[in-house]
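Visitor: Please walk me through this model. Keep it brisk.

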Amino acid sequence: MSDDTADDARAVAETVARRSYGKLVALLAARTRDVAGAEDALADAFASALVDWPASGAPNSPEAWLLTVARRRLIDASRRRQIRVESADHVRLMADEMAAAAAGASTIPDERLALMFACAHPAIDPAIRAPLILQTILGFDAATIASAFLVAPTTMAQRLVRAKTKIRHAGIPFNVPEPEELSPRLEAVLTAIYAAFAEGWSDPTGTEARRRNLADEGIWLGRLMVSLLPDEPEALGLLALMLYAQSRRNARRNADGEYVPLVEQDPAAWDTMLIDEAEALLARANALPGTGRYQLEAAVQSAHVVRRRTGRADWTAIERIYDVLLTMTGSPVVAINRAVALAETRGPTAGLAALDSLSDEPRLADYQPYWAARADLLARAGDIAKAADAYERAIGLESDAAVRRFLQRRRAELRA
């Protein structure tokens with residue numbers, strides 16, 4: 001086989017790994033509830049694909065090929081264990097294998113939503129539900145998840161293993177619960193969906209294979225949740241929030257690939273269709289009883305897109321919304337955003353005072369947006385030396401090269 005064909009086969013394997021990981025894990029684990037076993041079997045299947053496909057070519061149905069190999073790995077593992085309970089798993093897996101062979105390369109059912117709600121079951125520790133969903137559905141490693149949730153990697157890895165063991169031993173069912181059982185699990189599922197979207201959103205140019213398509217995946221899951229729960233205001237609010245953000249995706253970089261902050265973006269570059277859809281979803285959510293975090297976050301974005309008509313965001317509304325959000329969540333990230341809004345409505349000194357009240361928050365010591373906001377407000381207040389120091393801190397913490405160059409330009413402007 002030529003090198004080009006082998007490269008194509010590897011690319012197919014990588015694409016399926018990105019797009020179908022959670023779908024295949026969910027289907028493999030649906031019968032046995034053995035999430036860890038399903039992940040191991042699928043990892044073996046992907047390893048086989050990286051050996052076989054470059055040599056013989058990618059199969060016509062890569063998902064079906066991987067599913068078949070992974071199922072056989074699970075059957076082999078079940079045979080080796082030879083435990084009565086697991087022998088029932090063996091029979092079910094064999095039945096699945098025979099049914100799949102008889103049906104040919106039929107459409108593979110999507111059990112991801114059922115797996116997400118299994119991970120959010122009341123028997124699972126609430127603190128690990130969203131991380132567990134991110135690992136099982138999207139294949140994130142423990143270190144990546146630990147970073148997002150401000151937990152040590154070894155601690156996160158241990159918690160994830162315990163949670164998967166709990167799903168198996170407690171016999172947690174893989175199904176979408178009845179409406180009256182949804183509420184306790186909904187927050188974890190929505191949190192995981194938004195975390196997936198945010199991972200993809202943080203890679204605007206789509207250059208990181210691990211994050212590629214995650215924003216689209218998050219929106220797809222959000223649409224699925226709205227179709228399942230059309231009268232759940234937080235599901236509507238989350239989908240609206242993601243669509244508002246996605247509408248600005250192409251405006252975040254100029255023609256030279258340089259970063260453009262929200263306040264400097266050209267509203268004509270925003271996706272009007274996505275904004276209109278988000279506005280309609282938010283209106284539906286606001287017409288329903290109850291108000292939650294995602295509705296409010298979406299309302300902030302709606303106050304920003306007012307600039308399409310007026311030329312200026314509705315900063316007064318944004319400040320009021322962040323007041324409510326801060327009371328609701330106590331989040332230091334919300335507090336930073338509120339300080340930025342205060343600077344717009346009451347001046348940079350008021351914004352700096354709000355940031356100063358967060359100085360004892362240890363999680364912000366290495367949080368780039370805090371230092372970038374502080375640098376900007378110090379510069380606007382005329383404290384050039386402190387602004388330069390804050391920019392230096394923000395530059396050192398920023399991993400996106402385009403954003404780093406933007407901060408460097410702002411720091412250079414201080415000297416000028």
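Visitor: Is helix 13 largely enclosed or not, and how many of its 13 residues are buried?
Guide: This is a predicted model, in which local features need pLDDT of at least 70, side-chain atom pairs count only at pLDDT 80 or more, and totals for chains, interfaces and linings use all residues. Residues are numbered from 1 along each chain as its sequence is written, and side-chain values use heavy atoms, leaving out hydrogens and water. Buried means under 20% relative accessible area, exposed over 50%, and partly exposed in between, with a 1.4 Å probe and protein chains only. Helix 13 is largely enclosed by the rest of the structure, because its buried residues number 12 of the 13.

Visitor: Which residues of helix 13 are buried?
Guide: Helices are DSSP runs of H or I with at least four residues, strands are E runs of at least two, and both are numbered from the N terminus. The buried set of helix 13 includes the charged-name entry E297 and also H304. In full, the buried residues are Y294, Q295, L296, E297, A298, A299, V300, Q301, S302, A303, H304 and V305.

Visitor: What is the distance between the end C-alpha atoms of helix 13 (residues 293–305)?
Guide: The expected span is 1.5 Å times one less than the number of residues. For the 13 residues of helix 13 that should give 18 Å. The computed distance agrees, at 19 Å.

Visitor: How many helices does the chain have, and how many strands?
Guide: Of the 416 residues of the chain, 49% count as buried. Contact means heavy atoms within 4.5 Å. Of the contacts with a separation of 6 or more, 65% join residues 24 or more positions apart. The count is 20 helices and 0 strands.

Visitor: Which helices do the buried residues of helix 16 pack against?
Guide: Helix 16 has 15 residues and reaches 20 Å from first C-alpha to last, close to the expected 21 Å. Its buried residues are P332, V334, A335, I336, A339, A341, L342 and A343. They pack against helix 13, helix 15, helix 17 (348–356) and helix 18.

Visitor: How is helix 15 oriented relative to helix 16?
Guide: Axes are lines fitted to C-alpha atoms, for helices over the stretch in contact, and angles run from 0 to 180 degrees between N-to-C directions. Helix 15 (residues 315–329) and helix 16 (residues 332–346) pack at about 155°, with axes 9 Å apart. Angles under 35 degrees count as roughly parallel, over 145 as roughly antiparallel, 65 to 115 as roughly perpendicular and the rest as oblique. That makes helix 15, relative to helix 16, roughly antiparallel.

Visitor: How many nonpolar, polar and charged residues make up the contact of helix 15 with helix 16?
Guide: Helix 15 supplies residues including W315, I318, Y322 and L326, while helix 16 supplies V334, A335, R338 and L342 among them. Ala, Val, Leu, Ile, Met, Phe, Trp, Tyr, Cys and Pro count as nonpolar, Asp, Glu, Lys and Arg as charged, and the others, Gly among them, as polar. The contact divides into 9 nonpolar, 4 polar and 5 charged.

Visitor: Is R374 buried or exposed, and at what relative accessible area?
Guide: R374 is found in helix 18 (residues 368–381). Leaving aside neighbours within four places in sequence, R374 is in contact with L352, L355, D356 and A390. R374 is buried, at 18%.

Visitor: What is the handedness of the crossing of helix 10 and helix 11?
Guide: The axes of helix 10 (residues 214–228) and helix 11 (residues 233–247) come within 9 Å and cross at roughly 150°. The two helices are therefore roughly antiparallel. A crossing is left-handed if the near helix is turned anticlockwise from the far one by less than a right angle, and right-handed if clockwise. This crossing is left-handed.

Visitor: Which residues does L243 touch, leaving aside neighbours within four places in sequence?
Guide: L243 is in helix 11. L243 is buried, with a relative accessible area of 1%. Its contacts are I219, R223, L274, E277, A278 and L281.

Visitor: What separates the C-alpha atoms of L113 and L228 in space?
Guide: L113 lies in helix 5 (residues 112–119) and counts as buried at 10% relative accessibility. Not counting residues up to four places away, L113 touches V176, L224, M225 and L228. L113 and L228 are 115 residues apart along the chain, yet their C-alpha separation is 9.9 Å.
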